[in-house]
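Open the model in your viewer and keep the selection panel at hand. The stops below go from one selection to the next.

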Amino acid sequence: MSGKQEQPRWTQTWLGGVRSAGVDLGYPGERLGVPEEGSGSMARFGRRFGALIIDWLICTWAITQALLRINPAESPWVPVAVFAVQYLLLVGFLGQTFGHRLLGIRVAAMDGGRPRWLPVLVRTILLCLAVPAVIFDRDQRGVHDRVSNTMVVRM
């Protein structure tokens, strides 16, 4: 060796991300001032996705099919409308949905408090479009979080 530090191969940085190249970006939420672990830390993708699935199942099966007696295959917009209404009301009033509660997470404004109605409305519309929710940054915030100036944190 010539004493020079070896650089990682370009495939290692591409496949492993910038951390494999030795770049430390900190933990998710560090830039936002939230703790790394425990209550108030950023909720990770797994919990968020799990909460979304729970809420979707409640809206599709329990409400659309059982309560309203509507077949989602015949009226696919109904579960989306039910999801939007329940999300808007529950996050607007309580800061969390049933799925969020079961998985120990909540939606918070950037100051840590409950978000206001307009950001919740914007967040709900973008969440119903699905694509903004799957595009997220290093702080685990989706496009819908960034636009509505909210974050999802652990309880």
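Which elements cover the buried residues of α5? Select α5, residues 117-128, in this predicted model. The cover includes α2 (45-67), α3, β1 (105-109), α6 (131-134), α7 (143-148) and β2 (150-154).

**The whole chain**

Zoom out for a moment. The chain has 7 helices and 2 strands. Along the sequence they follow the pattern α-α-α-α-β-α-α-α-β. Of the 155 residues, 36% count as buried. Now consider contacts with a separation of 6 or more: residues 24 or more positions apart account for 58% of them.

**Stop 1: α5**

Return to α5. This helix has 12 residues. From first C-alpha to last, α5 reaches 16 Å, close to the 16 Å expected at 1.5 Å a residue. Show side chains for Val-120, Arg-123, Thr-124, Leu-126 and Leu-127, the buried residues of α5. A reminder while you look down the axis: an α-helix has 3.6 residues a turn, so residues three or four places apart point the same way. Then step past the end of the helix to Ala-130, which follows α5 and has a positive phi, near 70°.

**Stop 2: α3 against α5**

Add α3, residues 77-94. The two helices pack at an angle of about 150°, and their axes are 9 Å apart. The angle is over 145°, so α3 is roughly antiparallel to α5. The crossing of α3 past α5 is right-handed.

Now colour the contact residues. On the α3 side, select Val-80, Phe-83, Ala-84, Tyr-87, Leu-88, Leu-89, Val-91, Gly-92 and Phe-93. On the α5 side, select Trp-117, Val-120, Leu-121, Arg-123, Thr-124, Leu-127 and Cys-128. By class, this contact has 13 nonpolar, 2 polar and 1 charged residues.

**Stop 3: Tyr-87**

Centre on Tyr-87 in α3. Is Tyr-87 buried or exposed? Its relative accessibility is 2%, so Tyr-87 counts as buried. Beyond its neighbours within four places in sequence, Tyr-87 is in contact with Gly-92, Thr-97, His-100, Val-107, Arg-123, Thr-124 and Leu-127. Among these, Arg-123, Thr-124 and Leu-127 are also buried residues of α5. Next, draw a C-alpha to C-alpha distance from Tyr-87 to Cys-59: 9.9 Å in space, with their positions 28 residues apart in sequence.

**Stop 4: α2 against α3**

Cys-59 leads to the next pair of helices, as one of the α2 residues that contact α3. Select α2 and α3. They pack at an angle of about 120°, with axes 9 Å apart. This crossing is right-handed. From α2, pick Leu-52, Asp-55, Trp-56, Cys-59, Thr-60, Ile-63 and Thr-64. From α3, pick Val-78, Pro-79, Val-80, Val-82, Phe-83 and Gln-86. The residues of this contact divide into 9 nonpolar, 3 polar and 1 charged. Val-80 and Phe-83 take part in both the α2 contact and the α5 contact.

**Stop 5: Asp-145**

Finish in α7, with Asp-145. Its relative accessibility is 0%, so Asp-145 counts as buried. Which residues does Asp-145 contact, leaving aside neighbours within four places in sequence? They are Arg-48, Arg-123, Gln-140, Thr-150, Met-151 and Val-152. Arg-123 takes you back to α5, where this residue is buried; Arg-123 is in contact with Tyr-87 as well. For the last distance, pick Met-110. The C-alpha atoms of Asp-145 and Met-110 are separated by 9.8 Å, although the two are 35 residues apart along the chain.

Methods: Residues numbered from 1 in each chain as written. Predicted model: local features only at pLDDT ≥ 70, side-chain atom pairs only at ≥ 80, totals over all residues. Heavy atoms only, no water. Axes fitted to C-alpha atoms, helices over the stretch in contact; angles between N-to-C directions. Helix = DSSP H or I, 4+ residues; strand = E, 2+ residues; numbered from the N terminus. Parallel < 35°, antiparallel > 145°, perpendicular 65-115°, else oblique. Left-handed = near helix turned anticlockwise from the far one by under 90°. Contact = heavy atoms within 4.5 Å. Nonpolar A, V, L, I, M, F, W, Y, C, P; charged D, E, K, R; others polar. Buried < 20%, exposed > 50% of the residue type's maximum accessible area, 1.4 Å probe, protein only. Expected span 1.5 Å × (residues − 1).
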